[in-house]
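Q: Could you take me through one part of this model in detail, and show how that part sits in the whole? I would enjoy a connected walk-through rather than a list.

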Amino acid sequence: MQNGAAVVFLRYERSARNPLESYARLRSERDRALGKERAPQHARQELERRLLHVRAVTEELCAPLSPEDAALQSMPLASPAKWHLAHTSWFFETFVLRALPRFRAFSPDYAYLFNSYYEGVGPHLRRDARGLLSRPPLSEVLEYRASVTAQLVELLQSGHGDWDVLAPRIELGVHHEEQHQELILTDIKHLLAQSPLHPAYRPPAAPRPVRELPPLRFVPHAGGLVTIGRAGDGLVYDNERPEHRCFLEPYALAERLVSNAEYLEFIRDDGYRRPELWLSDGYDWLQKQAISQPLYWQDGASENRAAFTLSGLMPLSPSEPVCHVSYYEADAYARWAGARLPSEAEWEHAARDQPIRGNLLESGELHPRQAEPDEQQLFGDTWEWTRSAYAAYPGYVPPEGPLGEYNAKFMCNQQVLRGGSCVTPAAHIRVSYRNYFAPDARWQFTGIRLARDL
Ligand SMILES: [Fe+2]
């Protein structure tokens, strides 16, 4: 080991408390069993390929933005694209490159500017001040990115370093950057929506034929003792482990997401003005914030509604899934519809054997689309609010060290969402993936799937 940071990481692995420990341990056992060399060249090449792909996609997503677009922050929860570009590089620099013997920081200031919330690493800029960083300019942040990418490639090609330490960390950095790709798009959408000019991030996709959706059908599930969570090989976040059993009463899950037309019925039935439909916190929230329709909808009372999209202001399609609703709105709608939201265990049990395909980032639509016949929309289109509070699974042990701050410290006052959205990279989503947001959050692509007791 070259220095203290690397030694610390090895200690996590030996204590079996690192978010990636199972992955590293199982891969080593598998490689030994197969008689493979410790750091096979093809594995390094494959990781290099994935690294270069994720770095290039992030930059492609930011390419349509002007330096002004990239520097602005529309609210404390959303970050400027320039900050995302730098922060994802800071993550690799801090958790991979800093442990190398001849490491030299690109800039001594960046550790403070582009650390997000890792208190164990050091102090950081206030989240709501990220939009005040007129310096460094975008051009310098892009140089920083190129420098970090080049150092990572050099490291992978050199064959130096302990593969069992480096590979999980670089892989975590790749997944972390995929997460920020989604945030870049949700944050830029929120920023552009503030402009009276309704600017488009990109031109609209070719229009799809609009079909009237059949009435919502519910698919029954027997429940019983089921298994959820993740065991075995492959990178997953610590919060998806351990695999465990839980008991489900018989339930039914809606076969697709709730549509705009169905949500409009709720509005027309005075859904936003009937306190009996709402959680107490939710009713307080909508009154204080004067909420009467999903985020980005325009002209709530008119027949010809429009919604702001990444292609600017577009007519609201009745057959597309309703999107940009809070947990409070999803819960109230479900109550109005004589249903409820699924628990995350119900969702995962129903999705466990389903192929991961759907309207994800790679479709290029960047907008939820109406369900095709027999399409369940379990993956992609919109994240699905669940009734489950974000908490530790039975047997979960929080990881030690700064990387333990990735997920564990947010297990309070948040709801779990499942399934990914139209801006989630396909490589990033899996059946056990647990996203989480505060119940009033609406700027992510969040929608509604209904459930019922049987
Ligand atoms: Fe991050």
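A: Happy to. Let me begin with a yardstick: the expected span of a helix is 1.5 Å times one less than its number of residues. Helix H8, the part I would pick for a close look, has 31 residues and should therefore span 45 Å; its end C-alpha atoms are 45 Å apart, in agreement with that value. Please keep in mind that this is a predicted model.

How enclosed is H8 by the rest of the structure? Of its 31 residues, 24 are buried, so the helix is largely enclosed. A residue counts as buried here when 20 or more other C-beta atoms lie within 10 Å of its own.

To see what surrounds H8, start with the domains. The protein chain is divided into domain 1, residues 8-193, and domain 2, residues 218-453. Their C-alpha centres lie 27 Å apart. The contact between them draws 30 residues from domain 1 and 28 residues from domain 2. On the domain 1 side, the elements that give two or more residues are helix H1 (4-14), helix H2 (21-33) and H8. Of these, H8 gives the most, with 11 residues. Sorted by class, that side of domain 1 has 14 nonpolar, 9 polar and 7 charged residues.

The nonpolar core tells a related story. The largest core has 99 residues, and the members that touch the most others are Ala86, Val96, Ala330, Tyr333, Ala334, Ile448 and Leu450. Here too H8 (residues 163-193) gives the most, with 12 residues. Both domain 1 and domain 2 give residues to this core, so it lies between them. As background, nonpolar side chains in soluble globular proteins tend to be buried together.

Val96 is a good place to see H8 meeting the core. Leaving aside neighbours within four places in sequence, valine 96 is in contact with Leu152, Leu166, Arg169, Ile170 and Gly173. In general, an α-helix has 3.6 residues a turn, so residues three or four places apart point the same way.

Three of the other core members named above, Ala330, Tyr333 and Ala334, take us to helix H11. This helix covers residues 327-336, and 8 of its 10 residues are buried, so H11 is also largely enclosed by the rest of the structure. Its buried residues are Tyr327, Tyr328, Glu329, Ala330, Asp331, Ala332, Tyr333 and Ala334. They pack against helix H9 (260-268), helix H10 (280-289), strand S8 (383-389) and strand S9 (415-418). Just after H11, glycine 338 takes a positive phi of about 70°.

Strand S8 also leads to some backbone details worth a look. In the loop between helix H12 (344-351) and S8 you will find leucine 366, and aspartate 381 has its place in that loop too. Leucine 366 has a phi near 55°, a positive value in a residue other than glycine. For aspartate 381, phi is near 65°, again positive in a non-glycine residue. Leucine 366 is buried, with 21 other C-beta atoms within 10 Å. Aspartate 381 counts as buried with 30 C-beta neighbours inside 10 Å.

Two cis peptide bonds deserve a mention as well. One joins arginine 135 and proline 136, with omega about 0°; proline 136 is in the loop between helix H6 (110-114) and helix H7 (138-158). Another runs from arginine 241 to proline 242, with omega near -5°, and proline 242 is found in the loop between S2 and S3.

Valine 236 is found in the loop between strand S2 (224-228) and strand S3 (244-248). With 21 other C-beta atoms within 10 Å, valine 236 is buried. Setting aside residues up to four places away in sequence, valine 236 touches Arg230, Arg241, Arg430 and Ser432.

Finally, let us step back to the whole chain. The secondary structure comes to 12 helices and 12 strands. The radius of gyration is 23 Å, close to the 22 Å that the globule rule gives for 454 residues, so the chain is as compact as a globular protein of that length. Its C-alpha atoms fill a box of roughly 65 × 55 × 40 Å along the principal axes. Of the 454 residues, 43% count as buried. Among contacts with a separation of 6 or more, 79% come from residues 24 or more positions apart. Within that picture, H8 is the helix that gives the most residues to the largest nonpolar core.

How values were computed: Residues numbered from 1 in each chain as written. Predicted model: local features only at pLDDT ≥ 70, side-chain atom pairs only at ≥ 80, totals over all residues. Core = buried A, V, L, I, M, F, W, Y, C linked by C-beta atoms within 7 Å. Buried ≥ 20, exposed ≤ 12 C-beta atoms within 10 Å, placed from the backbone. Helix = DSSP H or I, 4+ residues; strand = E, 2+ residues; numbered from the N terminus. Domains from an automatic or database assignment. Contact = placed C-beta atoms within 7 Å. Nonpolar A, V, L, I, M, F, W, Y, C, P; charged D, E, K, R; others polar. Rg over C-alpha atoms; globule rule 2.2 N^0.38 Å.
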